[in-house]
Amino acid sequence: MSLPRPLPLGNSSFSRIKVAGQIYVDKTRLIFDLASKKENFLLTRPRRFGKSLLISTFESLFKFGLRDFRGLEIEKLWKDEGEFKVVRLDFLEVKNFQSAEDFSAKLDSFLYRRFREFGFVFEPNSDQTVVGQFSEWFGLQPNNSFVILVDEYDSPLTSCLNDHKLFDHVVNRLVQFYSALRSNNEKIRFLFVTGIVNFGKACLFEADNFLLDISLNSRYGTLLGFTPEEIRDYFGAYLDNAAELHGLSSEQLLQELIQYYGGFCFDNSTSTQVLAPWSVLRFLSAPENGFLDYWFESGGKPQALSEHFRSEKLTDPCQFDKEKLVPLAELKDLSNAERLSDVALLTQAGYLTLNKIVGSTAYVGYPNVEVEKAMALLYTGQLLSSKTVEQVGAENLAYRLATENPESIVHLLNCLFRSIDYQKYPVKDEYSLRAFVQVFFAGAGLEARAEVHNHLGRSDLEVKAGSRYWVMEFKCAERAENVSRKLEEAVSQLNEKNYGLQRRDEEIIRLALVFSLEKREFVKWKSLEDFEKTC
């Protein structure tokens, strides 16, 4: 099957995409809506969501007019023929520093290099700082003459989340620069700022009215990321090719893409969702490799999370699959490094997404299978004190669930539970026991569901692995003499409630397991098709 224009894989330059004839998903009506205003904007999105491409598109528009926009919606809309000095500031260039002095020196050098081509000259013998001299010079420029495009504005801040004193210094230095822009706002035709974490307009930009935060504005909910309609319209041939390889219809494959890579909502009305563009493009470029964890492996674990969770715990693993609540205000302001909300940070980083907003509270959950697995891996690392499942002898968990017998699976589970840090994460009851097993299974890329309902009740945990469907009922025993009775209770529940029997197309394995709170392992189990087993 012949394929259409090349995919824009790894290309964040709008001009290069157009020159190379690569596919560009036309977002220019929304881009026009923004660029036509004399306004300053802030937009936060997770990593690998196309922020740099958006900045590059604005850069091309204000530098070269419609040169690169032939055939796009904006071609008939854009009338601004002004000439602008376009400054692009990528703060990834100043995210690596060791001290306050090191950051200050790198920031001063960075700003000087970016503005000197437009006439800014730094006088080292002056009593004024670089920013002070810049502010004076900038104030002498013609009105509406500058377009300033800021990418990854938060990178220096997320680099020092664990060092509160250094964090405050970085904030103060950045405030000085943005204050210079704010005091000379009439010189700016257009200012657009992107990042991952929203540290709050009042914190960094010193005024709520300097930047218009469109991060959760429903009008721009689909500005970045792909909608299902855009995948059909722009990637139809790639979709057809992938569908044929997987033995599915194109619509079935699209639904699989949505399940694995979609579900992201950046819309305060929660009416729109998008798919992660990097994961979709990587999948379509090599569909024979299957649904891999492209976003997480290539940048879905940003510095903000790495730094924060190096010293702080994630939310309780027992809450792994539960919908979480966060004040809406915290999604718009994480300015206090000493009291960061882990749920708000995870939401801004893309691990959680909006499900609904009720009043001033946001309800958030995992957007898709890829992210749920990534989150489970973070939890697994915490439960196992940063060890991997391979290091504790429980490798290939998904494959072994699909191929090996119940006795082998119980052995694997015991390898995992013997390695848990019980000081931090004790198994207290059936609820925590089930949650930890669910985390381990989800981290292996399996769809593990707790409390699956049928007409007679709800099972503890059900998981599909290959052509098998496992149904597990857990019991905890405080004393050895209770073990046999607890096993009988679990077996009785499986039998009387018919858990899992609604699945008719898979090999069903129903397993009753008893966990000893004293020995911290499974001590007795029974498959309903086998005899009772003692570990």
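In this predicted model, strands S7 and S8 are paired in the antiparallel sense through five bridges. Within that pairing, Ile357 has Ala362 of S8 as its bridge partner. The two strands form a hairpin with two residues between them, and Gly359, which sits in the turn, has a positive phi of about 65 degrees. Strand S8, covering residues 361-365, also pairs with S6, again in the antiparallel sense, this time over four bridges. Here Pro327 finds its bridge partner in Thr361 of S8.

Taken together, these strands make up an open, antiparallel sheet of three strands in the order S6-S8-S7. Strand S6 (324-327) and strand S7 (353-358) stand at the edges, and each has a single partner strand, so one side of each is left without a neighbour in the sheet. On average, and with direction ignored, neighbouring strands of this sheet are turned by 35 degrees against each other. A helix accompanies the sheet: H15, spanning residues 342-349, lies across S6 and S8 and runs at about 95 degrees to S6.

A second sheet offers a useful counterpart. Five strands form this open sheet, ordered S2-S3-S4-S1-S5, and the pairing is parallel. The edge positions are taken by strand S2 (85-90) and strand S5 (212-213), each of which has a single partner strand, so one side of each is left without a neighbour in the sheet. Strand S1 (residues 40-44) and strand S4 (residues 188-195) run parallel and are joined by five bridges. Thr44 stands opposite Gly195 in S4. This sheet, too, has a helix lying across its strands: H3, made of residues 51-64, crosses S1, S2, S3 (146-151) and S4, and its direction is at about 165 degrees to that of S4.

Attention now turns to the packing of helices. Helix H10 (residues 236-246) and helix H11 (residues 250-261) pack at an angle of about 95 degrees, and their axes are 8 Å apart. H10 and H11 are therefore roughly perpendicular to each other. On the H10 side, the contact is made by Leu239, Asp240, Ala242, Ala243 and His246; on the H11 side, Ser250, Leu253, Leu254 and Leu257 take part. By character, the residues of this contact divide into six nonpolar, two polar and one charged.

Aromatic side chains provide another view of the fold. The count comes to 46 aromatic pairs when ring centres within 6.5 Å are taken as paired. In one of these pairs, the ring centres of Phe134 and Phe138 are 5.2 Å apart and the planes are at 20 degrees, so the pair is stacked. The two residues are four apart in helix H5 (residues 130-138), which means that about one helical turn separates them. Phe134 is buried, its relative accessible area being 3%, and Phe138 is buried as well, with a value of 0%.

The pair of Phe167 and Phe199 has another geometry: this pair is tilted, with 5.7 Å from centre to centre and 55 degrees between the planes. It links distant parts of the chain, since Phe167 belongs to helix H7 (residues 164-183) and Phe199 to the loop between S4 and helix H8 (201-204), 32 residues apart. Phe167 is buried at a relative accessible area of 1%, and Phe199 likewise counts as buried at 1% relative accessibility.

Ring pairs also build a cluster that brings together Tyr112, Phe115, Phe118, Phe120, Phe134, Trp137, Phe138, Phe146, Phe177 and Tyr178. The stacked rings of Phe134 and Phe138 are thus members of this cluster.

Finally, a loop residue merits a look. Leu292 is found between helix H12 (277-285) and helix H13 (294-300). With a relative accessible area of 38%, Leu292 is partly exposed. Leaving aside residues up to four places away in sequence, Leu292 touches Tyr261 and Glu370. The C-alpha atoms of Leu292 and Ser60 are separated by 33 Å, and these two residues are 232 apart along the chain.

Methods: Residues numbered from 1 in each chain as written. Predicted model: local features only at pLDDT ≥ 70, side-chain atom pairs only at ≥ 80, totals over all residues. Heavy atoms only, no water. Axes fitted to C-alpha atoms, helices over the stretch in contact; angles between N-to-C directions. Parallel < 35°, antiparallel > 145°, perpendicular 65-115°, else oblique. Contact = heavy atoms within 4.5 Å. Nonpolar A, V, L, I, M, F, W, Y, C, P; charged D, E, K, R; others polar. Pairing = 2+ DSSP bridges. Phe/Tyr/Trp six-rings, centres within 6.5 Å; stacked < 30°, edge-to-face > 60°. Buried < 20%, exposed > 50% of the residue type's maximum accessible area, 1.4 Å probe, protein only.
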